Amino acid sequence: MPDPVKSSIPPVNLPTVSPASTGGEAQDILTSSLDALPREECGVFAVTGIERAAELAFLGLYALQHRGQESAGICAVNGDGTARLRKGIGLVADVFSSEDLNELHGDTAVGHVRYSTTGGSRSQNAQPIVVRYSRGDLSIAHNGNLTNGQELRNRLVEEGALFQTTSDSEVIVHLIARSRHDTVEAQIDDALTHLEGAFSLVISVGRTLFAAVDSRGFRPLVLGRRGDGYVVASETCALDIIDAEFIRDIRPGEVLKLEGNTMEELRSLPPAPRAAPCVFELVYFARPDSRIWGASVDRARRAFGRQLAREHPVDADCVFAVPDSANSSALGYAEESGISYELGLLRNHYVGRTFIKPSQADRDFGARIKYNPVREVVEGRRVIVVDDSLVRGTTSTSLVKFLRQAGAKEVHFRIASPPVRFPCFYGIDMPSREELVGSSHSVPEIAEMLGVDSMGYLSLEGMLEAVEEHGPFCDACFSGDYSAPLVDVERGLASIDNPPGC
Ligand code: AMP
């Protein structure tokens, strides 16, 4: 079991995970092999005005686990406004026991799941961050990445601020605490106006909850209701799991104050020239049973798949997905092409927790432990494989090899998004630009590298058209068109090649 922190404030300095809890050397091999893949960003969840709030937060985070598997945390606030925190390295189910949840009293809670490769020790950067603030205990959970985080941090350090983490989110805490304004609302508002880039935030001050989204709305944040209380979550799947009713998306630039059963719309942040929700949420990150920005993620992916079939048709015997993220788009491809949809690849869902002997590690290791072809579907057949996106191309190269070994006669690879060619500065953890295969190689070169009979990417225009009614979107990872200024990069404070996730 991870060794998390149960604490009063200040909460930082988490103990590191003991070797026994990580599986030791074998786990390191597994982790480094899986590190070939970029990782997910973060998920946030908060409730107020509902008894046993921490239990609901636990369930909400459980539903958001796909958004981050490195650490999880819940801060609960009891009747007198005292915050109590538990966070640790690992999956939600591993970090919290039922005893922990029983100790996290109160009707207000803020939760977070995280994966990011941003510097510093992993446990140190686990969220929520909780501090004693002049106006009560404050907790914050953040999804997104500030593009001026380093500049703000440098300024605050010069002014004497002491940082305990390397995470952007701590910058926000300092800005709130140091604001000269005289109410909590004004201090939060003041802090937010200094931020550039992506933030979908939940903040508790005592038992009052604040939810805020940057003025371009890069990351999703939804508002729900359960009984007499309110719920805020990264995706609607986290509302469903606790039977909360979806009210609406929190809009770009909005700051909401939620207290018991009252909600106040505070002043909005200055509007951006245009909203820029992240289209990659629809391509890959969000769960297909969620609705974000008015779009069903499943329907968006199906539309991508249908458009892909129109753009890159091919005569074949069956179509299947690289599970699970491409299931909906492969269904769309099958619907449009009339080619039968099959389950040609199986995915092992328990991979991250498997004990693997180091000697088993080889070049295809990461893909081999995760996927296996169904020989009966593949053997002697012309197959179309649909994946949601191609990042480094390493998984796909291995998968094509496995399909050939299982007897596939022809392998036609289809990608339900355009080539990922640019790093994301707004919270999606991607490898550096030269590691993005779509940036360094042409489509024919990629086809050759994968060893496929044909290959086709969804066009940028086709993708945007398929979800036009929900846009406009940020498509910077495909187009290089960055809508929010990259302040730290422009000032030489951050690398253009290695932006942080989350
Ligand atoms: P690869 O091309 O081998 O790097 O892997 C691509 C696969 O990783 C795709 O099938 C996606 O499902 C998944 N993927 C795409 N973007 C990300 C990301 N930022 N983090 C984690 N996985 C991702």
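Select residues 208-213 and 255-259 to begin: these are strands β9 and β13, which pair in the antiparallel sense over 4 bridges. Within this pair, pick Leu209; its bridge partner in β13 is Leu258. The model on screen is a predicted one.

**The sheet around β9 and β13**

Extend the selection to the whole sheet. It is open and has 6 strands, running in the order β6-β7-β8-β9-β13-β14 with antiparallel pairing. The edges are β6 (129-133) and β14 (262-265); each has a single partner strand, so one side of each lacks a neighbour in the sheet. Looking across the strands, neighbours are turned by 20° against each other on average, direction ignored.

Now add residues 168-178, which are helix α7. This helix packs on the sheet, where it touches β6, β7 (136-143) and β8 (200-205). The direction of α7 makes about 140° with that of β7.

Stay at the β6 edge. β6 and β7 are joined by a hairpin through 2 residues, and they pair in the antiparallel sense over 5 bridges. To find one of the bridges, select Val130 and look in β7 for Ser139, its partner.

**The whole chain**

Zoom out and colour by secondary structure. The protein chain has 20 helices and 22 strands. Of its 502 residues, 59% count as buried. Take the contacts in the chain with a separation of 6 or more: 72% of them are between residues 24 or more positions apart. With a surface displayed, the accessible area is about 19,300 Å², and carbon and sulfur atoms account for 48% of it.

**Helix α12**

Select residues 327-337, helix α12. Which of its residues are buried? They are Ser328, Ser329, Ala330, Gly332, Tyr333 and Ala334. Show the surroundings as well: these buried residues pack against α11 (297-311), β17 (318-321), β20 (382-387) and β21. Just after the helix comes Gly338, with a positive phi of about 75°.

Step back to the loop between β17 and α12, where Asp324 is found. The peptide bond from Pro323 to Asp324 is cis, with omega near -5°.

**Val420 and the largest cavity**

Go to Val420, in the loop between β21 (410-415) and α16 (437-440). Is this residue buried or exposed? Val420 has a relative accessible area of 0%, so it counts as buried. Leaving aside residues up to four places away in sequence, Val420 touches Phe280, Leu390, Met430, Leu436, Gly438, Ser439, Cys477 and Phe478. Phe280 lies 140 residues from Val420 along the chain, and their C-alpha atoms are separated by 9.9 Å.

Keep Phe280, Met430 and Cys477 selected, since the next stop uses them again: they are among the residues that line the largest cavity. The rest of the lining is Arg219, Cys278, Cys424, Tyr426, Ile428, Cys474, Asp475 and Ala476. The space in this cavity is about 70 Å³. The count of cavities of 30 Å³ or more is 2.

**Backbone geometry elsewhere**

Most residues other than glycine have a negative phi, and most peptide bonds are trans. The last three stops depart from one or the other.

- Select Gly471 and Pro472. The peptide bond between them is cis, with omega near 0°. Pro472 is in the loop between α18 (460-466) and α19 (476-479).
- Select Arg52, in the loop between β2 (42-48) and α3 (53-63). Its phi is near 55°, a positive value in a residue other than glycine. Arg52 has a relative accessible area of 48% and is therefore partly exposed.
- Select Trp293, in the loop between β15 (291-292) and β16 (295-296). Trp293 is not a glycine either, yet has a positive phi of about 55°. Why does Trp293 count as buried? Its relative accessible area is 16%, and the cut-off for buried is under 20%.

Methods:
Residues numbered from 1 in each chain as written. Predicted model: local features only at pLDDT ≥ 70, side-chain atom pairs only at ≥ 80, totals over all residues. Heavy atoms only, no water. Pairing = 2+ DSSP bridges. Axes fitted to C-alpha atoms, helices over the stretch in contact; angles between N-to-C directions. Contact = heavy atoms within 4.5 Å. Buried < 20%, exposed > 50% of the residue type's maximum accessible area, 1.4 Å probe, protein only. Areas by Shrake-Rupley, 256 points an atom, 1.4 Å probe, with all protein chains shown as cover. 1 Å grid on protein atoms, 1.4 Å probe; cavity = no way out; pocket = protein on both sides within 12 Å on 5 of 7 lines; lining within 4 Å. Points joined across faces, edges and corners; volume = space filled by probe spheres on them.
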